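Work through the following exercises with the sequence and the predicted model beside you, and try each task before reading its solution.

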Amino acid sequence: MKILADLHTHTVGSGHAYSTLTENAQNVALKGLKIIGMTDHGPSMPGAPHLYYFGNFSIIPKKIHGVRILRGVEANIISQEGELALPHRYLAMMELVLVGLHVICYPGGGIEENTHAFIKAMKNPFTDIMAHPGRLEFPLDLEKIAYMSNKLNVPLELNNSSLCPEKGAAWDNCRILAKAIVKYGGLVSLGSDAHFWDRVGDFSNCLQLVQESGIKEEQILNTSLTKLEDYLKRRHELRPTN
């Protein structure tokens, strides 16, 4: 199975990552990937960039080292009603919008409140991919989320970083998520969530989980450039125009 795009990466712009966009692109080019998602954190994350950073994305080349750059954001859920930290007019500029729950940015809650917030954010027309639902910080009803992912046709991310030992290795949680994805047949995105250039394009943990759980290649968004481009086109057509 060949993964052609890394849709979740961070640059120094995020405030707690340590490589430039050029360094990230150079590394994935060497690994044979064709697309990289530049998805720095939205402004509610400590150390993350000002809104002006996202408003200036038009200066970024469409390709660096032959790799297509999807200029985007990892937008933070900031309330139990699934509100996102980035205003709509900025979300509308993004080629790729990842959405996730993060400590400090989200007030927290029990499993019902967190699941409600996650699903409300999934229903946002600007949302393209739901990031790292298998992480351990906020308990979620992963069965319900996998069901709604399939119903709404919004992919859930299998996050390589979430499965690394230094992140608490959320293997058990992610296995539950993966089994639910198999059950309901929804789309999946694999993301490195790299905060340093040498981890960009690393899907080793994700691919192990895919193999273990039986997720099919056709369910994985970033195994085909055509599938990815068609999906993003359909999502963008759903975005409000005002």
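**Exercise 1.** Determine how the residues that line the largest cavity divide into nonpolar, polar and charged.

*Solution.* Begin with the lining of the largest cavity, which is made up of L101, F118, A131, H132, P133, R135, E137, F138 and L140. Next, sort these residues by class: Ala, Leu, Phe and Pro count as nonpolar, Glu and Arg as charged, and the others as polar. The lining then divides into six nonpolar, one polar and two charged residues. The space inside this cavity is about 70 Å³.

**Exercise 2.** Explain what the salt bridge between E95 and R71 joins, and decide whether R71 is buried or exposed.

*Solution.* First find the contact, in which the closest N and O atoms of E95 and R71 are 3.1 Å apart. Then place the two partners: E95 belongs to the loop between α3 and β5, whereas R71 belongs to strand β4, so the pair ties together parts that are 24 residues apart in sequence. Finally, since buried means under 20% relative accessible area, R71 counts as buried with its 13% relative accessibility.

**Exercise 3.** Work out which helices are tied together by the salt bridge between K183 and E143, and classify both residues by accessibility.

*Solution.* The closest N and O atoms of K183 and E143 are 2.6 Å apart. K183 lies in helix α6 and E143 in helix α5, so this pair connects parts that are 40 residues apart in sequence. With a relative accessible area of 56%, K183 is exposed, while E143, at 32%, is partly exposed.

Notes:
Residues numbered from 1 in each chain as written. Predicted model: local features only at pLDDT ≥ 70, side-chain atom pairs only at ≥ 80, totals over all residues. Heavy atoms only, no water. 1 Å grid on protein atoms, 1.4 Å probe; cavity = no way out; pocket = protein on both sides within 12 Å on 5 of 7 lines; lining within 4 Å. Points joined across faces, edges and corners; volume = space filled by probe spheres on them. Salt bridge = Lys/Arg side-chain N within 4 Å of Asp/Glu carboxyl O. Helix = DSSP H or I, 4+ residues; strand = E, 2+ residues; numbered from the N terminus. Buried < 20%, exposed > 50% of the residue type's maximum accessible area, 1.4 Å probe, protein only.
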